[in-house]
Amino acid sequence: MTVGFLGLGVMGTPMAANLARAGADLIVWSRTDRGNTPPGAVRARTAAEVFGKAGTVLLMLATEQAIDEVLAGVDVSGKLVVHMGTTSPEFSAGLNDKIKSRGGRYVEAPVSGSRGPAEAGELIAMVAGEPADRGETARVIAPMCRQTVDCGEVPGGLLMKLAVNTFLISMATGLAEAFHFAEAYGLDPGLLRQVLDAGPMASAVSRVKAAKLVTGDFEVQAAIRDVLKNNELIVEAARRRDVASPLLDVCRSLYAETAALGHGEQDMAAVIHGLRATRRPAP
Ligand SMILES: NC(=O)c1ccc[n+]([C@@H]2O[C@H](COP(=O)([O-])OP(=O)(O)OC[C@H]3O[C@@H](n4cnc5c(N)ncnc54)[C@H](OP(=O)(O)O)[C@@H]3O)[C@@H](O)[C@H]2O)c1
């Protein structure tokens, strides 16, 4: 069965490439000419063309607005629509209702892991929807994932994704703060990286981000703009349940400041610019 893929951005391009490598009969589309068409895949001119040809359509689109715009002009009847980007759980629950009322099936499968894991086919997908649709989705997306985790009904996948990103954002921001502290005391950032990489707190994420902080190479894995969006989704969800989110409240200000300084399209490690610009009040 033909699989459709919409959204060839930072994540979508390597994800679609892994599907094609695994032999999927693939048709892809992006709003612009951005992103390589994987070898063997067909590039559609419109999203409607993808829905006309594919039985399952994967969405890796930036925002809720992008999803609404793309789905407004297509016929989802009889199709399995899989939302793999990150939006609010409420938006996803509404999408579930809309797609089902238009005769389609819906699964959310947000992913943990940025560009590196996407390239390596090592994303962790959090799959939610009707039980049979979850199983079908897990089989289709397997070539892009190290693991797919069953998260029950919609919006269980997106709620899980927000919990996971709470840890990611606080950890990566804490790492940038460690380098900021070291910088202020004239410590060698290369030595700090050596200690951290050798120590018990090292992870795939901390190693990649520490390298970026040492070299100042902020080529994007996860953009400041996108992390700010994720951070806002988490804080809004926390407020709705009266949950304390002190770390993510501070991170939101830092990512907003970093974006305002013009670093929105750089990797999240560039949050160190926001830290440098933040003045502490005199004691
Ligand atoms: N980067 C990460 O580390 C990461 C990790 C996990 C999840 N996510 C989530 O996955 C999603 C995609 O992330 P990304 O980093 O790949 O984002 P991205 O590079 O900004 O790409 C997003 C895609 O959305 C499309 N798009 C944007 N606005 C649109 C509109 N109004 N109509 C139609 N298409 C539109 C873009 O198309 P054009 O460029 O062709 O215009 C592009 O194909 C986001 O929801 C993000 O939060 C990202």
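**Notes on helix packing, cores and cysteines**

1. In this predicted model, the cover over the buried residues of H10 includes four helices: H3 (64–72), H7 (156–184), H11 (246–263) and H12 (271–277). The residues of H10 that are buried are Ile 224, Val 227, Leu 228, Lys 229, Asn 230, Asn 231, Leu 233, Ile 234, Val 235, Ala 237 and Ala 238. Lys 229, Asn 230 and Asn 231 are thus listed as buried along with residues such as Leu 228 and Leu 233.

2. H10 itself runs over residues 224–240, 17 residues in total. From first C-alpha to last, H10 reaches 24 Å, close to the 24 Å expected at 1.5 Å a residue. Just after H10, Asp 242 has a positive phi, about 55°.

3. The largest nonpolar core has 28 residues, and within this core Ile 169, Phe 179, Leu 213 and Tyr 255 touch the most other members. Two or more residues of this core come from each of H7, H9 (204–215), H10, H11 and H12. The most come from H10, which gives 7 residues. In soluble globular proteins, nonpolar side chains tend to be buried together.

4. Which residues does Leu 213 contact, leaving aside its neighbours within four places in sequence? The contacts of Leu 213 are Leu 175, Ala 176, Phe 179, Phe 218, Ala 269 and Ile 272. A second core, separate from the largest one, has 27 residues, among them Val 3, Val 28, Val 127 and Ile 141.

5. Helix H6 covers residues 131–141, and its buried residues are Asp 133, Arg 134, Thr 137, Val 140 and Ile 141. Viewed down the axis of H6, these buried residues fall within an arc of 125°, so they line one face of the helix. The face turned away from the buried side of H6 carries Pro 131, Ala 132 and Arg 139, which are exposed.

6. How many disulfides does the model contain? The count is 0. Cys 145 is in no disulfide, and the nearest cysteine sulfur to it, that of Cys 151, is 12 Å away. For a disulfide the two sulfur atoms must lie within 2.5 Å, so at 12 Å Cys 145 and Cys 151 do not form one. Cys 151 is likewise in no disulfide, with the sulfur of Cys 145 as its nearest cysteine sulfur.

7. Are these cysteines buried or exposed? Cys 145 counts as buried because its relative accessibility is 12%, under the 20% cut-off. Cys 151 is also buried, with a relative accessible area of 16%.

Methods: Residues are numbered from 1 along each chain as its sequence is written. This is a predicted model: local features need pLDDT of at least 70, side-chain atom pairs count only at pLDDT 80 or more; totals for chains, interfaces and linings use all residues. Side-chain values use heavy atoms; hydrogens and water are left out. The expected span of a helix is 1.5 Å times one less than its number of residues. Buried means under 20% relative accessible area, exposed over 50%, partly exposed in between (1.4 Å probe, protein chains only). Contact means heavy atoms within 4.5 Å. A nonpolar core is a set of buried Ala, Val, Leu, Ile, Met, Phe, Trp, Tyr and Cys residues joined through side-chain atoms within 4.5 Å. The arc is that of the directions from the helix axis to the C-beta atoms.
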